[in-house]
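Colleague: Hi! I'm new to this one, could you walk me through it?
Modeller: Happy to, let's put it on the screen and start with a residue.
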Amino acid sequence: NAITLDGRTAARLSGLGEAIVAQAGGVVTDDALARFEETLELNPADTRAGFFAGLAAAQSGELDLASRTWLASTDGAAQGDPWAEMSRRFIAQAEVQASGEATDGAAPKIDPETAAAVESMDAGEQQAMIADMVDGLDARLREDPEDIEGWLRLIRARVVMGETAKASDSLRTSLTVFADDGAESERLRMLAAELNLALGEGG
């Protein structure tokens, strides 16, 4: 009604999209996604719309697109922005899930209770939750390193978390693992260029 009476704004469209998602039990429907896409046309920096646009991709099984969308939505976000923090959390979840570490294999959903819980968390709790997931992937790769997709996701997740030194360490380790595989080494180098990571000695 507010949109009908007072016009379409990013905040109103994003809020309407969130309400549709809540009504659908956490699923980003086509109707909701259309609202978020329109929001981002009006305001590309709307972190709520960016989060739900990424969630729509994840629920469609497009985890790479989801991670890129969430990463873009956190770029330039204000410190403590709850939707940017939600995006960071789900980036880590998507990376781990795509590497076979998810417990149930289901695409992530978000319900009103979960959204409220994450918004109420302090930064330390959010970081701890993300760190546990990423550290688990790291530990698995140290034991079973012949997983290029896992390394790519770990490196990206470390950068998202602001752990550049750990990301560079993972990059160096993975380059050593795939030193004799030109195609996989090139994928690692391309990711390093994308994320502005130094390749290290001999890179």
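Colleague: Is Phe-52 buried or exposed?
Modeller: Phe-52 has a relative accessible area of 2%, so it counts as buried, the limit being under 20%. One thing to keep in mind throughout: this is a predicted model.

Colleague: Thanks! Which ring does Phe-52 pair with?
Modeller: Phe-52 pairs with Phe-36. Their ring centres are 4.9 Å apart and the planes meet at 5°, so this is a stacked pair. Phe-36 sits in helix H3 (residues 30–42) and Phe-52 in helix H4 (residues 47–59), and the pair links parts of the chain 16 residues apart.

Colleague: And Phe-36, buried or exposed?
Modeller: Phe-36 is buried, at 0% relative accessibility.

Colleague: How many aromatic pairs are there in the whole structure?
Modeller: A search of the whole structure turns up five. Another one of them joins Phe-51 and Trp-83, with 5.7 Å from centre to centre and 40° between the planes, which makes that pair tilted. Phe-51 belongs to helix H4 and Trp-83 to helix H6 (residues 82–98), with their positions 32 residues apart in the chain.

Colleague: What about burial for those two?
Modeller: Phe-51 is buried, with a relative accessible area of 0%. Trp-83 counts as buried too, at 9% relative accessibility.

Colleague: Which residues do the ring pairs link into a cluster?
Modeller: The cluster consists of Phe-36, Phe-51, Phe-52, Trp-70 and Trp-83, linked by ring pairs.

Colleague: Let's zoom out. How many helices and strands does the protein have?
Modeller: It has eleven helices and zero strands. Reading from the N terminus, every element in the order is therefore an α.

Colleague: And what share of the protein is buried?
Modeller: Buried residues are 42% of the 203 residues. The accessible surface comes to about 10100 Å², and carbon and sulfur atoms account for 49% of that surface. As for contacts, take those between residues at least 6 apart in sequence: 57% of them join residues at least 24 apart.

Colleague: New topic, pockets. What volume does the largest one have?
Modeller: The largest pocket has a volume of about 290 Å³. Helix H5 (63–74), helix H9 (148–160) and helix H11 (182–195) are the elements that each give two or more residues to its lining.

Colleague: How many residues line it, and which lie nearest the centre?
Modeller: Twelve residues line the largest pocket, and those nearest its centre are Asp-64, Leu-152, Arg-156, Arg-187 and Leu-191.

Colleague: How does that lining split by class?
Modeller: The lining has eight charged residues, three nonpolar and one polar.

Colleague: One more spot. What is phi for Asn-196?
Modeller: Phi of Asn-196 is near 60°, a positive value in a residue other than glycine.

Colleague: Where does Asn-196 sit, and is it buried or exposed?
Modeller: Asn-196 is in the segment after H11. At 72% relative accessibility, Asn-196 counts as exposed.

Colleague: How far apart are Asn-196 and Thr-164?
Modeller: They are 32 residues apart in sequence, while their C-alpha atoms are 9.7 Å apart in space. Thr-164 is part of helix H10 (residues 164–177), and Thr-164 is partly exposed, with a relative accessible area of 44%.

Colleague: Great, that helps me find my way around!

Methods:
Residues are numbered from 1 along each chain as its sequence is written. This is a predicted model: local features need pLDDT of at least 70, side-chain atom pairs count only at pLDDT 80 or more; totals for chains, interfaces and linings use all residues. Side-chain values use heavy atoms; hydrogens and water are left out. Helices (H or I, at least four residues) and strands (E, at least two) are DSSP runs, numbered from the N terminus. Buried means under 20% relative accessible area, exposed over 50%, partly exposed in between (1.4 Å probe, protein chains only). Contact means heavy atoms within 4.5 Å. Accessible areas come from the Shrake-Rupley method with a 1.4 Å probe; for residues, only the protein chains shown count as cover. On a 1 Å grid over the protein atoms alone, a cavity is a set of points where a 1.4 Å probe fits but cannot get out, and a pocket is an open set with protein on both sides within 12 Å along at least five of seven lines; lining residues have an atom within 4 Å of a point. Grid points are joined across faces, edges and corners, and a volume is the space filled by probe spheres set on the points. Ala, Val, Leu, Ile, Met, Phe, Trp, Tyr, Cys and Pro count as nonpolar, Asp, Glu, Lys and Arg as charged, and the others, Gly among them, as polar. Rings of Phe, Tyr and Trp (its six-membered ring) pair if their centres lie within 6.5 Å; planes under 30 degrees apart count as stacked, over 60 as edge-to-face and the rest as tilted.
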